[in-house]
Amino acid sequence: MFADKNANRIHLRWLPYLASLDELGRYSWGSAALAWLYRCFCRRTNRNVVNLAGPLQLLQSWIFWRFPTLRPSRFHGFGFPLASRWATYLLKNDAVGQRVVSARLLLDRLRVHDFVWEPYSSAEVAAVIHPEILVDKHCRLWTAITSLIYFAAIE
């Protein structure tokens, strides 16, 4: 989740948090990953930065769930975790520039009904989610508005 731009190394600062597996549950790792992704976006706005770090698989999954026109075909199955739906999707390195132009054109032509506001509310998704997650007390957790804290930054 907190890999560098090569996606093959992480900073040593995470090692103390892995020393005790019993303590891992005390942290909101999802929130930390989201804050780290936001921080990586901010760093990417610097014109000298050419690569993007962060949990890009989560970003890609979010895009595919929310923008049906951008998602690849042949990925109709549902499983848990939901981000695993596109786990086997690999981009081809051919025509990269053309894909960027096509994606920008699709984004420019988006209308309100082209964005899926509640992608996880379908019956197919609910079938693979543990029912306890959908209880009201848990819904309040994942719809909360709060600060995102990633040890080095607060978003």
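Tutor: Let's settle one term first: helices are DSSP runs of H or I with at least four residues, strands are runs of E with at least two, and the elements are numbered from the N terminus. Please keep in mind that this is a predicted model.

Student: Thanks! With that term in hand, in which loop does Ile129 lie?

Tutor: The element at the far side of this loop is α6, which covers residues 136–142. Ile129 precedes that helix, in the loop between α5 and α6.

Student: Is Ile129 buried or exposed, and which residues does Ile129 touch beyond four places in sequence?

Tutor: A residue is buried when its relative accessible area is under 20%. Ile129 has 13%, so this residue is buried. Across the fold, Ile129 and Phe78 are 51 residues apart in sequence and 9.8 Å apart in space, C-alpha to C-alpha. Not counting residues up to four places away in sequence, Ile129 touches Phe80, Leu82 and Leu134.

Student: Let me step back to the whole chain. In what order do the elements run from the N terminus on?

Tutor: There are 6 helices and 2 strands to place. Read from the N terminus on, the order is α-α-α-α-α-α-β-β.

Student: What percentage of contacts between residues at least 6 apart join residues at least 24 apart?

Tutor: For background, the protein has 155 residues, and 21% of them count as buried. Among contacts between residues at least 6 apart in sequence, the share that joins residues at least 24 apart is 56%.

Student: On to the helices. Where is Tyr17 placed, and in which helix? How far apart in space are Tyr17 and Tyr27?

Tutor: Tyr17 sits in helix α1, residues 15–18. With a relative accessible area of 23%, Tyr17 is partly exposed. Tyr17 and Tyr27 are 10 residues apart in sequence, and their C-alpha to C-alpha distance is 9.3 Å.

Student: What span should the 16 residues of helix α2 have, at 1.5 Å a residue?

Tutor: Helix α2 takes in residues 29–44, and among its buried residues are Trp36, Leu37 and Cys40. The expected span is 1.5 Å times one less than the number of residues. The end C-alpha atoms of α2 lie at a distance that agrees with the expected span, which is 22 Å.

Student: Which element do the buried residues of α3 pack against?

Tutor: The buried residues in α3 are Ser61, Phe64, Trp65 and Arg66. Ser61, for one, has 7% relative accessibility, so Ser61 counts as buried. Ser61 touches Leu82, Ala83 and Trp86, not counting residues up to four places away in sequence. As for the element asked about, the buried residues of α3 pack against α5.

Student: And Trp62: is this residue buried, partly exposed or exposed?

Tutor: Trp62 is also placed in helix α3. Leaving aside neighbours within four places in sequence, Trp62 is in contact with Phe67 and Phe115, and its C-alpha is 9.4 Å from that of Pro119, 57 residues away in sequence. The relative accessibility of Trp62 is 37%, and partly exposed covers values between 20% and 50%. Trp62 therefore counts as partly exposed.

Student: Which residue joins Asp114 in a salt bridge?

Tutor: Side chains of opposite charge can pair when their charged atoms come close. The structure holds 1 salt bridge. At 3.8 Å, N to O, the side chain of Asp114 meets that of Arg111.

Student: Is Asp114 buried or exposed, and what is Asp114 in contact with beyond four places in sequence?

Tutor: Asp114 lies in the loop between α4 and α5. Its relative accessible area is 16%, so Asp114 is buried. Leaving aside neighbours within four places in sequence, Asp114 is in contact with Arg66, Phe67, Pro68 and Arg109.

Student: Finally, which element gives the largest share of the lining of the second largest pocket?

Tutor: This pocket holds about 1,400 Å³ of space. Its lining has 37 residues, with Gln60, Ile63, Phe64, Leu91 and Ala103 nearest the centre. Two elements give two or more residues to the lining, namely α3 and α4. With 9 residues, the largest share comes from α3.

Student: How many of the lining residues of that pocket are nonpolar?

Tutor: The lining also has 8 polar and 5 charged residues. The nonpolar residues number 24.

Key
Residues are numbered from 1 along each chain as its sequence is written. This is a predicted model: local features need pLDDT of at least 70, side-chain atom pairs count only at pLDDT 80 or more; totals for chains, interfaces and linings use all residues. Side-chain values use heavy atoms; hydrogens and water are left out. A salt bridge is a side-chain nitrogen of Lys or Arg within 4 Å of a carboxyl oxygen of Asp or Glu. On a 1 Å grid over the protein atoms alone, a cavity is a set of points where a 1.4 Å probe fits but cannot get out, and a pocket is an open set with protein on both sides within 12 Å along at least five of seven lines; lining residues have an atom within 4 Å of a point. Grid points are joined across faces, edges and corners, and a volume is the space filled by probe spheres set on the points. Ala, Val, Leu, Ile, Met, Phe, Trp, Tyr, Cys and Pro count as nonpolar, Asp, Glu, Lys and Arg as charged, and the others, Gly among them, as polar. Buried means under 20% relative accessible area, exposed over 50%, partly exposed in between (1.4 Å probe, protein chains only). Contact means heavy atoms within 4.5 Å.
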